[in-house]
Amino acid sequence: MILLLSLDASDFNIVGIRGMGGIGKTTIAKAVFNQLRHGFEGSCSFLSNVREVSEQPYGLVQLQKQLLHDTLKIKNFKNIRSIDSGIHLIKEKLRYKRVLVVLDDLVQLKQVYALVGDRNWFGPGSRIIITTRDAHLLDQLQSLELFSWHAFKEIRPIEGYEEISKDVVDYVGGLPLALEVLGSYLCKRSIPEWRSAVEKLRKIPHHQIQKKLRISFDTLDDDKIKDIFLDIAIFFTGMDKDYVVKILDGCGFFPEIGISVLISRSLMTIDSQNKLAMHHLLRDMGREIIREISPNDPGKRSRLWFHEDVFDVLKKHKEEA
């Protein structure tokens with residue numbers, strides 16, 4: 001199956017074609033390329049087999065040279081000796097040119113960044129087409145772009161922030177709301193502040209994301225369904241649904257209808273192996289709801305999940321006994 005993903009940005013557009021090998025991604029890209037190329041005054045480049053070429057010594061540099069040769073009709077680029085110098089020259093020479101570029105068979109984001117890394121590398125109206133077997137690559141590219149616009153006001157992370165930006169994007173699992181909120185929250189902060197924020201977010205979700213996500217929880221029909229949500233978020237994610245139903249039924253929670261409601265509200269799913277699944281931001285929201293009951297005294301909370309808290313509470317009760 002071939003899926004098309006369009007990353008629109010007014011006068012700049014990236015189209016991704018993804019699917020398994022041998023089903024015609026390259027053929028479609030070539031057909032689109034041939035249909036559109038006449039409208040770009042010769043500033044066109046079809047970079048074939050990017051994955052294979054990139055694996056060769058200086059492969060990405062060769063692709064950069066080909067991109068410049070195809071779009072500028074200049075043969076020699078001896079001054080390109082590294083990926084960074086190639087990036088610099090692409091930005092310098094193509095900044096005001098309207099180009100059409102196809103990157104065929106991508107497998108890594110670094111290939112994107114070396115060849116078509118930012119929308120300000122090219123002139124208004126440029127079009128980039130990407131083919132890949134990796135659906136995650138296009139999802140990651142789209143998520144990273146959305147996050148970067150809010151964190152850096154650019155299409156990609158600025159120098160020095162690449163890896164930690166990917167950590168944040170992986171943490172939120174592609175959730176657009178979270179990408180926007182966290183990007184704005186981290187904007188103009190130092191790398192140490194980012195690291196501290198990421199560690200904090202793993203334990204205590206950002207309050208704006210929390211506030212938005214909690215609306216779905218607060219509007220649940222009754223307290224028993226809320227209890228089911230909290231128990232699944234804290235204890236039962238990844239466990240067999242039938243097994244969990246037996247436990248919750250013993251608590252008088254009417255889990256069959258409760259789980260059905262949670263699924264209909266997009267608060268959880270059941271995977272192909274009959275296991276309960278929940279987006280980890282929703283899971284974290286459930287844990288934060290419980291933590292807020294008593295932020296400084298775990299012993300007063302209705303549920304405990306960090307083993308350190310469990311140990312401290314049991315130790316305290318033993319000492320008081």
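Here are some questions and answers on ring pairs, charges over rings and a helix contact in this predicted model.

Q: Why is the pair of F147 and F152 called edge-to-face?
A: Their ring planes sit at 85° with the centres 6.5 Å apart. Planes over 60 degrees apart count as edge-to-face, so that's the label for F147 and F152.

Q: What makes F147 and W194 edge-to-face?
A: Here the planes are at 85° and the centres 5.8 Å apart. The cut-off is over 60 degrees, so this pair is edge-to-face too. It also ties together distant parts of the chain: F147 belongs to helix 6 and W194 to helix 9, 47 residues apart. Both F147 and W194 are buried.

Q: Which residues do ring pairs link into a cluster with F147?
A: F152, Y161 and W194 join F147 there.

Q: How do you know that the charged end of K226 sits over the ring of F217?
A: The distance to the ring centre is 5.6 Å, and the limit is within 6 Å, along with an angle within 35 degrees of the ring normal. R156 does a similar job over the face of Y113, at 4.1 Å from the ring centre.

Q: Why is helix 7 called roughly perpendicular to helix 14?
A: They pack at an angle of about 75°, with axes 8 Å apart. Angles of 65 to 115 degrees count as roughly perpendicular, so the label fits helix 7 and helix 14. In the contact, D170, Y171 and V172 of helix 7 meet H280, L281 and D284 of helix 14. Those residues split into three nonpolar, one polar and two charged.

Technical notes: Residues numbered from 1 in each chain as written. Predicted model: local features only at pLDDT ≥ 70, side-chain atom pairs only at ≥ 80, totals over all residues. Heavy atoms only, no water. Phe/Tyr/Trp six-rings, centres within 6.5 Å; stacked < 30°, edge-to-face > 60°. Helix = DSSP H or I, 4+ residues; strand = E, 2+ residues; numbered from the N terminus. Buried < 20%, exposed > 50% of the residue type's maximum accessible area, 1.4 Å probe, protein only. Axes fitted to C-alpha atoms, helices over the stretch in contact; angles between N-to-C directions. Parallel < 35°, antiparallel > 145°, perpendicular 65-115°, else oblique. Contact = heavy atoms within 4.5 Å. Nonpolar A, V, L, I, M, F, W, Y, C, P; charged D, E, K, R; others polar.
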